[in-house]
Amino acid sequence: LLDKFKTDYDLEITMLSSGVSMLYSFFMQKAKREERINMTITQLIEIISKKPVPPHVTALVLEVCVNDRDGEDVEVPYVRIVVR
């Protein structure tokens with residue numbers, strides 16, 4: 001997802017959350033950030049929330065904060081990811 005925003009839209013994701021769970025942010029410790037970058041969104045949500053994604057859930061809605069190449073905040077809509 002981070003790469004897609006960078007290559008397709010020239011935007012950098014600075015924060016990524018699902019509900020009340022913060023999945024990624026630029027101010028996290030470097031080790032934690034790098035560990036999370038290599039996980040799938042589903043894995044991240046399950047590890048952080050300590051609950052499995054229910055089998056009936058077919059899509060997840062994520063909130064993202066992004067910056068453009070000048071470092072300015074850009075408002076983007078929610079991101080819906082199909083997981084099943």
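**Entry 1: conventions.** I take helices (H or I, at least four residues) and strands (E, at least two) as DSSP runs, numbered from the N terminus. The model is predicted, so I keep in mind that local features need pLDDT of at least 70 and that side-chain atom pairs count only at pLDDT 80 or more, whereas totals for chains, interfaces and linings use all residues. Residues are numbered from 1 along each chain as its sequence is written, and side-chain values use heavy atoms, with hydrogens and water left out.

**Entry 2: the chain as a whole.** I looked up the secondary structure and found 3 helices and 5 strands in the protein chain, which run along the sequence in the pattern α-β-β-α-α-β-β-β. The radius of gyration, taken over C-alpha atoms, is 13 Å, which agrees with the value near 12 Å for a compact globule of 84 residues, the globule rule being 2.2 Å times the number of residues to the power 0.38. Along the principal axes, the C-alpha atoms fill a box of roughly 40 × 25 × 20 Å. Buried residues (under 20% relative accessible area, with exposed meaning over 50% and partly exposed in between, for a 1.4 Å probe and protein chains only) make up 30% of the 84 residues. With contact defined as heavy atoms within 4.5 Å, I note that, among contacts between residues at least 6 apart in sequence, 45% join residues at least 24 apart.

**Entry 3: the nonpolar core.** I define a nonpolar core as a set of buried Ala, Val, Leu, Ile, Met, Phe, Trp, Tyr and Cys residues joined through side-chain atoms within 4.5 Å. The largest such core has 17 residues, and those with the most contacts inside it are F5, I13, L16, I41, I45, L62 and V64. At least two residues of this core come from each of β1, β2, α3 (41–49), β3 (59–67) and β5 (79–82), and β3 gives the most, with 4 residues. I followed I45 further: leaving out residues up to four places away in sequence, I45 touches S18, L23, K50, K51, V53, L60 and L62.

**Entry 4: L23, S18 and S25.** L23 lies in strand β2 (residues 21–25) and counts as buried because its relative accessible area is 0%. Beyond its neighbours within four places in sequence, L23 is in contact with L16, S17, S18, M28, R36, L44, I45, I48 and L62. I also checked L23 against E63, which is 40 residues away in sequence and 9.9 Å away in space, C-alpha to C-alpha. S18, in strand β1 (residues 12–18), is buried at 15% relative accessibility, and its contacts, again without residues up to four places away, are L23, I45, V61 and L62. S25 is found in strand β2 and is buried at 0% relative accessibility; outside its neighbours within four places, S25 is in contact with T14, M15 and R33.

**Entry 5: positive phi in two loops.** I looked at D10, which is not a glycine but has a positive phi of about 55°. D10 sits in the loop between α1 (2–9) and β1 and is partly exposed, with a relative accessible area of 27%. K50, likewise a residue other than glycine, has a positive phi near 60°. I place K50 in the loop between α3 and β3, where its relative accessible area of 73% makes it exposed.
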